[in-house]
Amino acid sequence: PVEVFDLVIFGATGDLARRKILPGLYLRWLAGQILPEARVIGAARAELSDAEFRASVAAAIAEYVPPARQDAAALAGFLDRLSYVAIDATGDKGWAQLRAVVRPDVVQAFYFSVAPTLFGAIAGRLTAHGIAGPEARIVVEKPFGRDLASARALNAALAQHFAESQIYRIDHYLGKETVQNLMAVRFANILFEPLWNSQYVDHVQITVAETVGVEGRGVYYDKAGAMRDMVQNHIMQLLCLIAMEPPYHFDPDAVRDEKLKVIRALDPVRPEDIVRGQYLAGGGKGGYLEDADNRNSRTESYIALKLHISNWRWKGTPFYLRTGKRLRARESEIAITFREPPHSIFDDHSGWRENVLVIRLQPDEGMNLKVMIKEPGPGGMRLVQVPLDMSFAEALGEALDDVPDAYERLIMDVIRGNQTLFMRGDEVEAAWAWTDPVIGGWEARGEKPQPYEPGTSGPEDALMLMHRDNRRWREIR
Ligand code: BG6
């Protein structure tokens, strides 16, 4: 179990708390990781009694926890740890009451599951009212700003009240089991690292394809788009884990220092290396413009980019990234395509292909290494490419069933005081510093995203991004 804690969730009645944070805490309680002395305090504007809050949490758990993990006795025990304070984030109401319930002598964590505009107000009140002790931790969510200036302002507002070592900026991709596995694959095996550079890697593809649209989130999403919503944070983190130098130790600042260097080494993206798209109506569902409720929207629901990292390791190896909504399948993977051997001793080239290492992040997490072998049979030395395929679920069996979801793991890391899987302020700012001119560029050029049919792999021009370089995207199945 983790140490005894008081966790205050601001925005406890909101969507994220209901979908992820509270069900995640329940699952950690069920797994025995939370001690009975721990307390979870919901804080939000609504006037609710403790009993009403508990009932709403029970409903959220019934809705979002898989049936196999629903357990009446465990639920009752979990609800007993909960209480509620009605609070005004920008006023005086509720703060004295919060002070009375948060214990000074246990691990204190404050989860800001609220709009970023409230971060500064809440941080200020937590210290002004003497609620947060010197070791208190605060947890903040994306969007962490919408550009460099706003991210800087948020960092500055938090820094007035909390030290960087107290601030946990969540990127839930870093909490995913397979994303952490990227570091294990790279740094716990001798096999890959010697080849992990531009001398041996032809190119890297990172794909995060989704089937969902922006249903119900149009107001937020239309101001963000795929670049701000997915690339600046989640995909950037994947890119960093693939491209970074080995940290000297698996330690928060050692890892984050190396990620930061990758972001700083990113070249500006050329306009011809960007393809943006917007999904059309289809399959009985409205198109992006309907979902966003904005007929003139130029926001992208799909983006593909070609990037270069200017450092010794990667100069000359392009990274192709793409992400989009309403695509053919929900599929996230990283594919490292190696260069061809320098010389072939075989005459038969018919089945010749480069080696590819595919790391599947979701669904069906696993790894697949495509290697050349001799085609069996009497036909002489004919070559064929076959996959060395490993599904982690098959390889590890039951061990995977109990794997905590990203939020469960990250919340427990906050309580443990481990910042390795959280973004540091300078990392977020560096990511925005790279993102801003890319977005600014297409805005200045007045570019519109290209329409694409839902259920496909995105706009046609994204194919050209690859064909131009004599490469092709891996298929989204
Ligand atoms: C969120 C984005 O951060 O990540 C969403 O705001 C996106 O638009 C989601 O759908 C994807 O997360 P996951 O875990 O489903 O891959």
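Hi everyone, let's start right at the ligand: one of its oxygen atoms is 2.7 Å from an N or O atom in the side chain of Arg217. Before I go on, please keep in mind that this is a predicted model.

So how much of the ligand does the protein cover? On its own, the ligand has 400 Å² of accessible area, and the protein covers 81% of that.

Arg217 has company here. In the side chain of Lys176, an N or O atom is 2.6 Å from an oxygen atom of the ligand. For Tyr173, the distance from a side-chain N or O atom to a ligand oxygen is 2.5 Å.

Let's widen the view to the whole shell. If you'd like to find the residues around the ligand on your screen, look for Lys142, His172, Tyr173, Lys176, Glu210, Arg217, Asp229, Met230, His234, Lys325, Arg330 and Gln362. What kinds of residues make up this shell? Seven are charged, three are polar and two are nonpolar.

And which helix gives the largest share of the shell? That is helix α8, spanning residues 218-243, with three residues.

Now let's leave the ligand and look at a pair of helices. Helix α1, residues 15-30, packs with helix α3, residues 72-79. Their axes are 10 Å apart, and the angle between the two is about 115 degrees. Angles of 65 to 115 degrees count as roughly perpendicular, so α1 is roughly perpendicular to α3. As for handedness, the crossing of α1 past α3 is right-handed.

That's my short tour. Thanks for listening, everyone!

Notes: Residues numbered from 1 in each chain as written. Predicted model: local features only at pLDDT ≥ 70, side-chain atom pairs only at ≥ 80, totals over all residues. Heavy atoms only, no water. Near = heavy atom within 4 Å. Polar contact = N/O pair within 3.5 Å; in protein donor to acceptor, adjacent residues only side chain to side chain. Areas by Shrake-Rupley, 256 points an atom, 1.4 Å probe, with all protein chains shown as cover. Helix = DSSP H or I, 4+ residues; strand = E, 2+ residues; numbered from the N terminus. Nonpolar A, V, L, I, M, F, W, Y, C, P; charged D, E, K, R; others polar. Axes fitted to C-alpha atoms, helices over the stretch in contact; angles between N-to-C directions. Parallel < 35°, antiparallel > 145°, perpendicular 65-115°, else oblique. Left-handed = near helix turned anticlockwise from the far one by under 90°.
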